[in-house]
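Please open the model in your viewer and keep the selection tool at hand. The tour below proceeds from one selection to the next and states what is found at each stop.

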Amino acid sequence: MNSLPSSKPAPAVRTSDVCRYYPMGGGIIRAVDGISLTIERGEFVALLGQSGSGKSTLLNLLAGLDRPSSGSVMVQGRDLAKMSSEELAAYRRNDVGMVFQAFHLIPSMTITENVELPMRFAEVDRAERGERVRESLEQVGLGKRLEHRPSELSGGEQQRVSLARALANRPSLLLADEPTGNLDSRTGEDILNLIRDLSLSLGMTVVMVTHERALAERFAQRLVFLADGKLLSQEAVA
Amino acid sequence: MKGYDLFELAVRNLRQSKLRNGLTTVGISVGVASLVAMLSLGVGLQQLATRRLAGSGMFDTVFVTSKQDFRGFDREDDQKTEHPENAPVLDEPARGAMTHLQYVTEVEPEIRVMGEVVSGGQTHFGFVTGLPMSARENEAFDNLQGKFFSGPSAEEVILLNDFAKEIDPKDPKGLIGQEVTLRYGERQALAPDSESAGRPQLSGGAVGGSNPTSGDDFGFSVVRKTQKLKVVGIIEEEPYGGMRTVSRGRIFLPVDLTEKLNMAQFTDMRSSLRGGGGKTYMTLTVRVKDPAKVAQVQDAINKMGFRTFSVLDATKSLRRFFTVLDLFLGIFGSLALAVATLAIINTLVMAVLERRREIGVMKAIGASDGDVKRLFFAEAGAMGFFGGLLGIALGFAIGKAINVGTGIYLHRHQLPAEAVWILPPWLIGAAIAFSIVVSLLAGLYPASRAAKLDPVQTLKYE
């Protein structure tokens, strides 16, 4: 992006010895403890580990929701650690889409309004929004019940809406935190299929946190194992 | 985030907890209403006082006297004036000069003479007063029976009701339209050979030097004359509350007519002592276009060497009184709004707690700290705005009730109704603006608390 024309384009994500410590009752918790990881553009990477292994903290660091205690997080050549909170907000709304285990849709808003919300923050022109909301919802296979509230939808549908919301500002990086954790296995597979297809068709980099190795092996291109805040091992999926 | 999105989100958030936000908004409106009711009561009272005083005709008027006369009236002034006998007199040129001063609308002499009205063979004694045309504005003419003078020198007369009753106890109003005869003394210049002219003279009426042949001699005679006048109106009370002169006038003539008739006045005696023969006035009443310009006119006339008097100082202290009154009314009115401010803070802090997760989600999908802060500000501002609108309506209703109440009270005491409560347009705007500003201030703390929320904490899976 900001690299010289002759050199290879910067990887989607590169962390160098990134750490995130929390003070806790006199001591400190090393949630992320010196992880160096490179993810190429368009890659679908799964972060695996037990709960407390630091995979969610690493995801939040990539999302710019949290700041590293030390080390750097480079996304497309830009160092998130050096950004102001306003710049991080702009990064989150323009470059990142997030999907959560608990969907985190706004219950008082309709499906359409939920998908439109990121566009309000990104100051997308009003006239353009309707079309873009429809486009995002089409990409996740939702065309009906758009004026319903999230609570009137099934879990799978809600996760689709949340995915559509993540796509609303056409991000280059999709971060998914246990996206199938609240879904039955069949619906979970549907969602992961969808994420993989979108990654391929839009050239979008995907980082997914999960503890279900079997699912990760089926959809991700690379598995990254974490334990106690450290990178344990990586393996490419054939 | 753009303004309309901010407003839309704020309003939809407010609608999420209709009861709570509604109650807070009503709280604000009660605060605004009490402030509006109090301040507009202050405004109303001030306008009432100003109206009554302006109606009395005292506040746009400067009274001018010569420093030669009324010595000892103002000792301090006398000491400053070295030779009062050299001070200028109020003569025709002085009057003309005053007429041409800026902001002066009228300069009229004080005319007050004794006269008799002859009607139905009976004579009735009374003081005759000349009234300028501007006297029409005086509150004494608010309940004038009949009409005002048709012109400044019309041969017409307006009578005080008491006097009319004296002439016709059964039907004083019946005098309107009838013709009466006024008997008065006319001042005539004394010819040098007056002794031999053989003209009719009132015995003792001629005032002059002891030696008519002396060059210093000067005098005039007073001759009884009659003038037919048409009664055009009857009034209950004397204009200007009779404050301008010592004796109570009961017969009113247009001032130019009295001058034309050349009625002999007491003050003619004084001017005869001065010599020189020119006509002089004891007092001139200078009317100013705008009460605010009275001081300026007063200054200009003082520079001409005359003594002036106005009730301007009285208005100054009146204004001070109303400023203090407004301040106190404002403070009392603000108390309710201060309580409402606490309600806003409470409501918004509750909203921040309830919407922790929502705020976290918004940040995760791209809202900046500033966006979150502005959203809560917008919610506070919207409550302030709607509370302000509602408060104006409520305050208006309270004010109307005050007016109706005082109206009934005044009516019971046989007094005309007065609007003691007036809502000026500026107060409507100011109250809404104030309500919004106060609400925004109340939103400061909750908004910054919302902005500081850590999204990672709020989004943790339960």
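**First stop: a covered strand**

Begin by selecting strand 1 of chain B, residues 61-66, where five of the six residues are buried, so that the strand is mostly covered. A residue is called buried if 20 or more other C-beta atoms lie within 10 Å of its own, exposed if 12 or fewer, and partly exposed in between, with C-beta atoms placed from the backbone. Helices (H or I, at least four residues) and strands (E, at least two) are DSSP runs, numbered from the N terminus.

The model is predicted: local features need pLDDT of at least 70, side-chain atom pairs count only at pLDDT 80 or more, and totals for chains, interfaces and linings use all residues. Residues are numbered from 1 along each chain as its sequence is written, while chains are lettered from A and ligands numbered from 1 in the order in which they are written.

Next, add strand 10 of chain B (residues 283-288), which pairs with strand 1 of chain B in the antiparallel sense over five bridges. Two strands are said to pair if DSSP finds at least two bridges between them. Within this pairing, B:Val64 has B:Leu284 as its bridge partner. Then add strand 11 of chain B (residues 306-309), which runs antiparallel to strand 1 of chain B and is joined to it by four bridges. Here B:Phe63 is partnered by B:Phe309.

**Chain B as a whole**

Now select all of chain B, which holds 14 helices and eleven strands. Of its 462 residues, 39% are buried. Among the contacts in chain B with a separation of 6 or more, 82% are between residues 24 or more positions apart; a contact requires C-beta atoms, placed from the backbone, within 7 Å.

**Helix 1 of chain B**

Select helix 1 of chain B, which has 14 residues. At 1.5 Å a residue, it should span 20 Å, and its end C-alpha atoms are indeed 20 Å apart; the expected span is 1.5 Å times one less than the number of residues. Its buried residues are B:Asp5, B:Leu9, B:Ala10 and B:Leu14. These residues cover an arc of only 165° around the axis, which puts them on the same side of helix 1 of chain B; the arc is that of the directions from the helix axis to the C-beta atoms. On the other side of this helix, B:Tyr4 and B:Arg15 are exposed.

**Where the chains meet**

Show both chains: 18 residues of chain B are in contact with 24 residues of chain A. On the side of chain B that touches chain A, the elements giving two or more residues are helix 1 (3-16), helix 11 (356-364), helix 12 (369-412) and helix 14 (455-459) of chain B. The residues of that side comprise nine nonpolar, four polar and five charged. In this division, Ala, Val, Leu, Ile, Met, Phe, Trp, Tyr, Cys and Pro count as nonpolar, Asp, Glu, Lys and Arg as charged, and the others, Gly among them, as polar.

**Chain A and its strands**

Turn to chain A, whose secondary structure comes to seven helices and ten strands. Of its 238 residues, 43% count as buried.

Select strand 6 of chain A (residues 96-100), in which five of five residues are buried. From this strand, A:Val96, A:Met98 and A:Phe100 point one way, and A:Gly97 and A:Val99 the other way. Add strand 7 of chain A (residues 173-177), which pairs with strand 6 of chain A in the parallel sense over five bridges. A:Val99 has A:Ala176 as its bridge partner there.

Which strands of chain A form an open sheet with antiparallel pairing? Four strands do so, in the order 2-1-4-5. Its edge strands are strand 2 (27-39) and strand 5 (78-79) of chain A, each pairing on one side only. Strand 1 of chain A (residues 13-24) is joined to strand 2 of chain A by ten bridges, and A:Thr15 is the bridge partner of A:Leu37.

**Last stop: an exposed phenylalanine**

Finally, select B:Phe332 in helix 10 of chain B (residues 312-354). B:Phe332 counts as exposed because it has 12 C-beta neighbours inside 10 Å. Add B:Leu39, 293 residues away along the chain: the C-alpha atoms of B:Phe332 and B:Leu39 are separated by 9.7 Å.

Key
Two residues are in contact if their C-beta atoms, placed from the backbone, lie within 7 Å.
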